[in-house]
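Please read the following note with the sequence and the structure at hand. The points concern one strand residue and several charged pairs.

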Amino acid sequence: MGVTSPLKGHSNSYSLNKKLFLPCSVYAPYALFALLLIALFRLNFHPFSSSVNQSPVSFSKEGNVYENPCNYSNGKWVHDRDGPLYNGTTCGTIKEGQNCILHGRPDLGYLFWRWKPRKCRLPRFDPNTFLRLLRNKHIAFVGDSMARNQLESLLCMLATVSKPNLVYTSGADNKFRKWHFDSHKIVVSVYWSPFLVRGVEKSKTGPNHNEVYVDSVDERWGADLVHIDMIVLSIGHWFLHPAVYYESGSVLCCHYCNGLNHSEIGFYGVMRKAIKTALKTIIERKEADNGDGIDVFLTTFSPSHFEGQWDKFGACPRTKPYRKGEKRVEGMDSEMRAVEVEEMETAKLNAKKFKGRLRLETLDVTKLSLLRPDGHPGPYMYPFPFANGVHDQVQNDCIHWCLPGPIDTWNQIMLQVIRRWNSQSRRGVRLIP
């Protein structure tokens with residue numbers, strides 16, 4: 001994916017906060033009960049209470065209740081003297097545009113921060129644990145270039161203890177690839193699918209807009225579901241581009257389609273339909289397969305940090321994370337995240353009748369990513385951009401993440417969820433959505 005425009009979202013940003021009113025004449029014996037109701041209500045409807053953050057209550061077969069897992073989305077960035085597990089010269093799978101160290105970025109302070117959740121601990125990524133838990137499994141990253149960015153972060157961290165062998169590559173810019181970790185017989189793959197559903201991308205020889213079929217899954221990954229044990233979905237930025245949307249074989253509407261005789265619409269509802277189709281397809285096909293089931297992650301929207309217009313050489317010059325209260329999730333970032341969180345929660349309800357192993361989780365990284373304007377390649381998407389002096393106009397990448405960089409935290413959190421799943425499986429825990 002190229003550097004795309006962070007178009008503005010609707011002015012009325014989404015919020016799950018609601019108010020609960022109780023009569024003023026509540027008798028004293030009911031006061032404690034009322035306060036408990038309010039507390040539970042606020043807990044369940046907090047704007048950052050996605051499934052990773054406020055997961056279902058867990059019960060053992062004997063009926064014992066286990067405490068909810070960590071709310072990883074609420075926290076702050078703190079200094080970390082240890083730094084990353086790898087660097088730009090020791091990992092061979094980093095896409096050139098995200099290798100900020102190798103491209104000469106002079107300030108390395110962005111490498112020495114770690115995410116600290118408010119009420120719990122986020123352990124350092126342990127590659128040996130990840131490999132052990134996914135032994136004999138196939139994990140696939142499906143989506144746009146943010147999915148690829150997260151995949152390459154994971155490969156770099158795993159490569160510190162086990163070498164990934166590239167066994168398959170296809171498509172322009174190697175958009176479809178597979179690696180094999182011989183030490184644990186693990187397959188890690190990436191599927192380019194910027195809409196998750198079937199799409200025709202704009203091209204120089206075709207229409208100057210994308211064509212998206214919201215009710216038909218992209219079979220480039222859908223056809224391989226039978227071989228996938230864990231899938232990580234990640235989309236968002238490609239829905240900002242001009243597009244014509246199709247449903248049931250007919251034009252549904254379009255977005256920024258000047259000159260076409262179609263109804264204009266925003267992209268939130270269309271993205272919702274695409275996510276719904278993808279999750280529904282995964283559940284239905286895995287149920288029909290009668291196999292070992294599947295684990296599904298949906299990574300939430302990762303905000304960009306252009307200061308100025310992206311297509312007019314807007315930059316991301318900051319060198320430190322935002323301080324507490326300096327930035328909040330709002331506007332388009334909030335709306336995109338909300339769609340993803342809601343659709344995953346709906347999918348969980350639809351999956352209740354699934355008989356095999358089916359675990360679904362929102363990987364809520366929107367807030368922690370928003371607070372890291374310093375973590376992008378910026379002008380170092382190209383090697384040594386100022387070698388011949390400072391230019392008035394230099395293209396910046398303020399969407400993708402440097403490797404190593406803040407995106408490594410996404411995989412830290414994902415590993416903790418996998419560890420929790422494994423622990424619950426060994427204890428015979430039943431999840432109640």
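1. S189 has a relative accessibility of 0% and therefore counts as buried, since the term applies to anything under 20%. The model is a predicted one, and this value is computed from it. S189 belongs to strand β8, which covers residues 186-192.

2. Which residues is S189 in contact with, leaving aside its neighbours within four places in sequence? They are H138, I139, A140, F141, L151, R177 and K178.

3. Attention now turns to charged side chains. Side chains of opposite charge can pair when their charged atoms come close. The structure contains 20 salt bridges, and some of them are described below.

4. One of the salt bridges is formed by K95 and D173, whose closest N and O atoms are 3.2 Å apart. K95 is in the loop between β3 (75-79) and β4 (113-117), whereas D173 is in the loop between β6 (165-170) and β7 (176-181), so the pair ties together parts that are 78 residues apart in sequence. Are these two residues buried or exposed? K95 counts as partly exposed because its relative accessibility is 25%. D173 is likewise partly exposed, with a relative accessible area of 46%.

5. A further salt bridge joins the side chains of R285 and E219, at 2.5 Å from N to O. R285 is part of helix α5 (residues 268-289) and E219 is part of helix α4 (residues 219-222), so this pair ties together parts that are 66 residues apart in sequence. R285, at 32% relative accessibility, counts as partly exposed. E219 also counts as partly exposed, at 39% relative accessibility.

6. Where do K280 and E284 lie? Both are in helix α5, 4 residues apart, which is about one turn of the helix. These two residues form a salt bridge, and their closest N and O atoms are 2.7 Å apart. K280 counts as partly exposed because its relative accessibility is 49%. E284 is partly exposed as well, with a relative accessible area of 42%.

7. Which residues are joined into one network by salt bridges that share partners? The network consists of R272, K276, E342 and E343.

8. In review, the reader may wish to set two kinds of pair side by side. K280 and E284 both lie in helix α5, whereas R285 and E219 tie together parts that are 66 residues apart in sequence. K95 and D173 tie together parts that are 78 residues apart in sequence.

Definitions and conventions:
Residues are numbered from 1 along each chain as its sequence is written. This is a predicted model: local features need pLDDT of at least 70, side-chain atom pairs count only at pLDDT 80 or more; totals for chains, interfaces and linings use all residues. Side-chain values use heavy atoms; hydrogens and water are left out. Helices (H or I, at least four residues) and strands (E, at least two) are DSSP runs, numbered from the N terminus. Buried means under 20% relative accessible area, exposed over 50%, partly exposed in between (1.4 Å probe, protein chains only). Contact means heavy atoms within 4.5 Å. A salt bridge is a side-chain nitrogen of Lys or Arg within 4 Å of a carboxyl oxygen of Asp or Glu.
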